[in-house]
Amino acid sequence: MTRWHVARLVKVRDENATARTLVFDVPGWPGHLAGQHVDVKLTAGDGYSARRSYSLAGPEGVELTVQRVPDGEVSPYLTLDMEPGDELELRGPVGGWFVWRPDGPAPVLLVAGGAGIVPLMAMIRARRAAGADTPFRLVYAVRSPERLCYADELLRPDPGVSVTLAYTRRVPEGHPRPPGRLTAADLGPYGEADCYVCGPTGFVEASAALLVGLGHDPARIRTERFGPTGD
Amino acid sequence: MTTFTRGFRGRRRGEDDRLPPGQYLTEDFPVLSAGPTPHVPLDRWEFTIDTEAGQTHRWTWPELTALPYEEPAVDIHCVTSWSKLGTTWRGVSLDVLFEDVESTADYALVHSYGGYTTNLPLDDLLDGKAWIAYRYEGEDLTPSHGGPARLLVPHLYFWKSAKWVRGIRLLTEDWPGFWETAGYHNYGDPWREQRYADD
């Protein structure tokens, strides 16, 4: 894992106006589990380098989805300037805790806040790729319809996966749930499950507390947080 | 061989000799934890040191906070690459807590409310290098940052500074903790960039 790989950008896909998926070709990539992340290193012409962590968005290949942070140092470059053929360095996979394995038998409850959807999307894709029939439920809180990632894929029926979109500020026309932050009613009832919560710190704090309040075993709630600088 | 990233310039914030390799500066205080935040009522809180001989030393909240404290100002370095300089804390030095502890153990396994564990050599907890901290920047430590009390070992990556600390077990053999068994480095020295298991 220590080794830095050279990663060449081969494809980009805009998820929305501020988030972009980048697909890299990484010779010698050892493979990874859904939920893991990578460290990327960008080096400027004068040798200055910056490093950040990003979640892998899919079970195969090296695919990252990056949310642009206004005034960020690295994310504006990745989401606006980097072009196919450009290279950066990357190492991983990193993280052995916030992972889902396709042979896991327990039902899964995924709770995403904003860009926290990325590692959870990797789990949904890993389930589909493995043909697993583990029941999945995704509750995805997002500010407004313009902020949705993977919209087409999430709205397409995927047997055994139920998706609840919780818009916190503005809903699209005809959406049944009024705008507002996540409540216990959005998360329950769901029975015993392995819970994965990912998003900004405040969101993770609040959602994990709601899950504990609904009777979920704290030992089965895994969290991953993006700090306020989450660039 | 270095791979240059075309078109990347970067910000060069945080060029500072107090910054270990691969770290960048933040003014915020990001939170990283693996599960829900435990809430520990102070009247049930306790801190223990268990020796390899089976002896237990125990402090309640009033006992801990009545001990002489220090107010270290330290730089902290998270393995996820952020560093924060000059943070100020109030806490009891582990030297005070270990004063009456008889032990020849070389290793410590720190454990927390909520089940988290982390390991380090006992030497890294002594000689003014570590505290049980209960105030941060002049305020009581909040639960999301590890309150009521957390371990503070600023010379190692910050996951060693266990939040919601409950006790320390002294061991004659090293016993890897939570992140140390999940791919992270066993020791975690930021200046040697010991992030992952084989660094």
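# Close-up views of a two-chain predicted model

**View 1. Chain B meets chain A.** In this interface, 38 residues of chain B are in contact with 45 residues of chain A. The model shown here, and in every view that follows, is a predicted one. About 3,500 Å² is buried between chain B and chain A, and carbon and sulfur atoms give 51% of that area. On the chain B side, look for Thr3(B), Phe8(B) and Tyr196(B): these residues lose the most area to chain A, together 19% of what that side buries.

**View 2. Salt bridges across the chain interface.** How many salt bridges does the rule find across the interface of chain B and chain A? There are 3. A salt bridge also joins the side chains of Asp199(B) and Arg91(A), with an N to O distance of 3.3 Å. For the wider setting, the structure holds 25 salt bridges over all chains.

**View 3. The two domains of chain A.** Here we stay within chain A, where the domain assignment gives domain 1 as residues 5–94 and domain 2 as residues 108–226. Their contact takes 18 residues from domain 1 of chain A and 15 residues from domain 2 of chain A. The C-alpha centres of these two domains of chain A lie 24 Å apart. Between them, domain 1 and domain 2 of chain A bury about 1,200 Å², with 57% of it on carbon and sulfur atoms. The rule finds 1 salt bridge across this domain interface of chain A.

**View 4. Glu63(A) and Arg125(A).** This view turns to a single pair of side chains. Glu63(A) and Arg125(A) meet in a salt bridge, at 3.6 Å from N to O. By the domain assignment, domain 1 of chain A covers 5–94 and domain 2 covers 108–226, which helps to place the two residues.

**View 5. The antiparallel sheet of chain A.** Six strands may be followed across this open sheet of chain A in the order β4-β3-β6-β1-β2-β5, and the pairing is antiparallel. At its edges are β4 (49–55) and β5 (62–67) of chain A, each of which pairs on one side only. From one strand to the next, the twist averages 40 degrees. As a reminder, strands of a sheet pair through backbone hydrogen bonds, either parallel or antiparallel.

**View 6. Strands β1 and β2 of chain A.** Zooming in on the sheet, strand β1 (residues 5–14) and strand β2 (residues 19–25) of chain A pair in the antiparallel sense over 6 bridges. Which residue in β2(A) is the bridge partner of Leu9(A)? Phe24(A) takes that place. Side chains link up here too: Asp25(A) forms a salt bridge with Arg8(A), and the closest N and O atoms are 3.5 Å apart. Asp25(A) lies in strand β2 of chain A and Arg8(A) in strand β1 of chain A, so this pair ties together parts that are 17 residues apart in sequence.

**View 7. Backbone details in chain A.** Two spots in chain A are worth a visit. The peptide bond from Gly92(A) to Pro93(A) is cis, with omega near 0 degrees, and Pro93(A) is found in strand β6 (residues 87–94) of chain A. The second spot is Tyr150(A), a residue other than glycine with a positive phi, near 55 degrees. Tyr150(A) sits in the loop between β8 (136–142) and α3 (151–155) of chain A.

**View 8. An annotated region of chain B.** UniProt, in an unreviewed entry, lists residues 35–179 of chain B for "domain: Oxidoreductase molybdopterin-binding". Over residues 35–179 the chain is 6% helix and 39% strand. The end C-alpha atoms of this stretch of chain B are 13 Å apart.

**View 9. The mixed sheet of chain B.** This open sheet of chain B has 5 strands in the order β3-β2-β11-β6-β7, with mixed pairing. Why is one side of β3 (56–60) and of β7 (117–121) of chain B left without a neighbour in the sheet? Both strands stand at the edges and each has a single partner strand, so one side of each has no neighbour there. The twist averages 15 degrees from one strand to the next. Within the sheet, strand β2 (residues 46–50) and strand β11 (residues 165–171) of chain B pair in the parallel sense over 3 bridges. Asp50(B) stands opposite Arg169(B) in β11(B).

**View 10. A cis peptide bond in chain B.** The bond from Gly147(B) to Pro148(B) is cis, with omega near 10 degrees. Pro148(B) has its place in the loop between β9 (139–140) and β10 (150–152) of chain B.

Methods
Residues are numbered from 1 along each chain as its sequence is written. Chains are lettered from A and ligands numbered from 1 in the order in which they are written. This is a predicted model: local features need pLDDT of at least 70, side-chain atom pairs count only at pLDDT 80 or more; totals for chains, interfaces and linings use all residues. Side-chain values use heavy atoms; hydrogens and water are left out. UniProt positions are given in the numbering used here, feature names are shortened, and annotations may be inferred rather than shown by experiment. Helices (H or I, at least four residues) and strands (E, at least two) are DSSP runs, numbered from the N terminus. Two strands pair if DSSP finds at least two bridges between them. Axes are lines fitted to C-alpha atoms, for helices over the stretch in contact, and angles run from 0 to 180 degrees between N-to-C directions. Domain bounds come from an automatic or database domain assignment. Contact means heavy atoms within 4.5 Å. Buried area is the accessible area (1.4 Å probe) that two parts lose on being put together, summed over both. A salt bridge is a side-chain nitrogen of Lys or Arg within 4 Å of a carboxyl oxygen of Asp or Glu.
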